[in-house]
Amino acid sequence: MKRVWVIGLLFALLAFASVKAEDELDIDGTVEEDLGKSRDGSKTDDEVVQREEEAIQLDGLNAAQIKELREKSEKHVFQAEVNRMMKLIINSLYKNKEIFLRELISNASDALDKIRLLSLTNDEAMAANEELTIKIKSDKEKNMLHITDTGIGMTKEDLVKNLGTIAKSGTSEFLNKMTEMQDENQSTSELIGQFGVGFYSAFLVADKVIVTSKHNNDTQQIWESDSNQFSVIEDPRGDTLGRGTTITLVLKEEASDYLELETIKNLVKKYSQFINFPIYVWASKTETVEEPIEDDAEAAEEPEKEAAEEEAEVEEEEEDKDKPKTKKVEKTVWDWELMNDIKPIWQRPAKEVEEDEYKAFYKTFSKDSDDPLTHIHFTAEGEVTFKSILFVPHSAPRGLFDEYGSKKNDFIKLFVRRVFITDDFNDMMPKYLNFVKGVVDSDDLPLNVSRETLQQHKLLKVIRKKLVRKTLDMIKKIAEEEYNDKFWKEFGTNIKLGVIEDHSNRTRLAKLLRFQTSNSEKDPASLEQYVERMKEKQDKIYFMAGTSRKEAEASPFVERLLKKGYEVIYLTEPVDEYCIQALPEFDGKRFQNVAKEGVKFDESEKGKEKREALEKEYEPLTTWLKDKALKDKIEKAILSQRLTKSPCALVASQYGWSGNMERIMKAQAYQTGKDISTNYYASQKKTLEVNPKHPLIKEMLKRVNDDAEDQYASDMAEILLETATLRSGYQLADTKAYGDRIERMLRLSMNVPLDEQVEEEPEEEPEEPAEEDSEDKEEIVDEEDDEESTKTEKEEL
């Protein structure tokens, strides 16, 4: 036995000596290859390069194997044009880096679509792997993100062709066309979409991109690039994928956030939750499991005490048979978590989708707790084909009109082939339909472009036009009672703004308008209903604007109309008069503001002769008012056909401001008084219409006929004008003068002298202090003296 030990020791010493000699001598006499050398000359030391090589490794391959692969792989250099193109993509087309994941998932979905289509004609296409999925896994330790699909995969030729060049047209043609379109200020989005450059967005966040791919017609290949050059080599691990592609991103230092599970989940749900194929993320969750207590004890025991402990456990089992054998333990379990369980119901025919499915889908994507008021599901075809579901919410979103027009609307989600593109559009829907929520999915829009580029795409205008038409059709189909009680109360202002803003759909929107009228105290009426109820020879739609229905009903302008049985529309909201001004006519009937000139009634020949006789009789008064009493204050004075009880009214010209409009314009927050058009309308003189049957007007005519210089008549004319100004809804220019005139009229009516002054109140003499106060003061002085004497006594003691 000793002899064997001695021989073994000798062999060990010899082996150690030979290894040491190899370390000291360079047998080949060659210099080791500089690991840091490169095509352009390395600026890093050998240790840094070695650390990088150890860090960048694929599953199943160590650092040495990775190094060997790189040495043996076929090197390809991107052309100068391709480098320019990649810089353009990385720096210009994609402003938002997070879309790299959207692009890679979209490519994976396309690959899955291809293999599924191929399997329809080739039964063996999916033999290697029946699964059609996309899986995402982050590796924080190695700073890598893996996106794997079981799609069609790529051959070596495909990798060189598809990832080394840009699509089919060639890089030169791509750049030439892009430069051409930019010079002509045309949108390049359609051009870019045709070249399929979304893959290169990976370099927004990655220093290196490694693509491992297996196609049914080739062996598994590895493609690697740092955006300057790329290499391709057969995978020494063999067929590990079965079929499909894994894209591995070696992330930049500033992009480490994309390795966080929550970030990955949020991006998948934001951009790709409606992809047709299941998307899984390798994620952890905490589960409570039951484990045998004995197993835990055995795991904690030290090896050298195992035998003794086993004997002790046998004894304990006999004694403690009733004790629980398991305990609950919380464990972190890693598994594939499905991210896109919500199905894109807009892809199904509308007749196959149940009402409850629409409601559930609306609540999921809009985060609204209430059911929608109504919805529409349609497919648009023609110049552009897209599918869409639009919803009207049950109630108006909070702050609907805050920053109206400038606030971005994110209620319409735009998808391209079920991949979310953006909800940050100002022009997807017009401003007045900013309450509509929904999804739009088109196969015709380019996917691989930025939001800024897509914003200007010509097809968006076609989509917008169809969306508006379908939205108005949807609103029109709401039942009348539900429309008046719910929709109009929540979104009526939006429809009125639509009449003002949307010229092309003005007729459709006009049919959706509802207003209070003199026909009903409660129920609003549509313009169609108003026209149906018009009198036989009525050729105009009459309306009166005011701050409230009560004010409009009490206006002198509607007296004759209501007496004769004409229906009058009451406009009580600030936007109403703007809305009607933008709508010149409805169903061939023009609108007439009863506060403006132009109100005429059908009259017989006898009535016409009677009116002309009255005009001749009152001509001295109307002339006197215009040329003398109210000179430069009114445009003219005429006899009124619209007044029955009021003595007079101030009527605006056809293109002037009514009293309601003047109030609104002067209340504008940014009104400075320097606007030329505002000043023009504000300075327009009005027409004074007088009621010849009113006793005040009759008395004034009598006084003017007796004495045109009658001061009392002049004062009465001033008072009547100012009263008419107020009753017609206008503001007085000089309220003090109006007050003085009212006081003068009151003095005269009560026989109080005009020069009698207000009795002045006599000045009060200052009161002498009361005796009680003086006694209180004396008591306070005495108390102070007593305190001082006490203090001095203490000091002496």
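Which residue forms a salt bridge with Asp 371, and how far apart are the closest N and O atoms? The views below start there, and keep in mind that this is a predicted model.

**View 1. Asp 371 and Lys 363 pair up in a salt bridge.** The partner of Asp 371 is Lys 363, and their closest N and O atoms sit 3.0 Å apart. Asp 371 is partly exposed, at 31% relative accessible area. Lys 363 is partly exposed too, with 33% relative accessibility. By the rule used here, the model has 29 salt bridges, and a few others turn up in the next views.

**View 2. Glu 699 and Arg 703 form a salt bridge within helix H25.** Here the N to O distance is 3.3 Å. The two residues are four apart in H25 (residues 695–706), which puts about one helical turn between them. An α-helix has 3.6 residues a turn, so residues three or four places apart point the same way. Glu 699 has a relative accessible area of 32%, so it counts as partly exposed; Arg 703, at 26%, is partly exposed as well.

**View 3. Arg 741 meets Glu 722 across two helices.** The side chains form a salt bridge at 2.4 Å, N to O. Because Arg 741 lies in helix H27 (residues 735–749) and Glu 722 in helix H26 (residues 711–727), the pair ties together parts that are 19 residues apart in sequence. Glu 722 is buried, with a relative accessible area of just 8%.

**View 4. Helix H20 and its packing partners.** The buried residues of H20 (residues 574–581) are Val 575, Asp 576, Glu 577, Cys 579 and Ile 580. They pack against helices H15 (480–501) and H23 (659–666), plus strands E16 (540–545), E17 (569–571) and E19 (589–593). One of those buried residues, Asp 576, also belongs to a salt-bridge network with Lys 496 and Glu 573.

**View 5. Arg 506, a buried charge with no salt bridge.** Arg 506 is found in helix H16 (residues 506–510). So who is the nearest side chain of opposite charge, and how far away? That would be Asp 502, 7.6 Å away. Leaving out residues up to four places away in sequence, Arg 506 touches Val 499, Ile 500, Ala 582 and Leu 583.

**View 6. Lys 686 in the loop between helix H24 and strand E22.** The loop runs between H24 (676–682) and E22 (687–690). At 11% relative accessible area, Lys 686 is buried. Its contacts beyond four places in sequence include Glu 635, Leu 650, Trp 657, Glu 662 and Tyr 730. Ile 634 is also in contact with Lys 686; the two are 52 residues apart in sequence, but their C-alpha atoms are 5.3 Å apart in space.

**View 7. A negative surface patch.** Glu 528, Glu 532, Glu 585 and Asp 587 make up the patch. Glu 528 belongs to helix H17 (residues 527–532) and is partly exposed, at 38% relative accessibility.

**View 8. Zooming out to the whole chain.** The chain has 28 helices and 22 strands, and 42% of its 797 residues count as buried. About 47,000 Å² is exposed, with carbon and sulfur atoms supplying 47% of that area. Among contacts with a separation of 6 or more, 73% join residues 24 or more positions apart.

How values were computed
Residues are numbered from 1 along each chain as its sequence is written. This is a predicted model: local features need pLDDT of at least 70, side-chain atom pairs count only at pLDDT 80 or more; totals for chains, interfaces and linings use all residues. Side-chain values use heavy atoms; hydrogens and water are left out. Patches are made of residues with over 30% relative accessible area and no salt bridge: like charges are joined within 9 Å, nonpolar side chains (Val, Leu, Ile, Met, Phe, Trp, Tyr) within 5 Å. Accessible areas come from the Shrake-Rupley method with a 1.4 Å probe; for residues, only the protein chains shown count as cover. A salt bridge is a side-chain nitrogen of Lys or Arg within 4 Å of a carboxyl oxygen of Asp or Glu. Lys and Arg count as positive and Asp and Glu as negative; His and the chain ends are not counted. The place of a charge is taken as NZ of Lys, CZ of Arg, CG of Asp or CD of Glu. Buried means under 20% relative accessible area, exposed over 50%, partly exposed in between (1.4 Å probe, protein chains only). Contact means heavy atoms within 4.5 Å.
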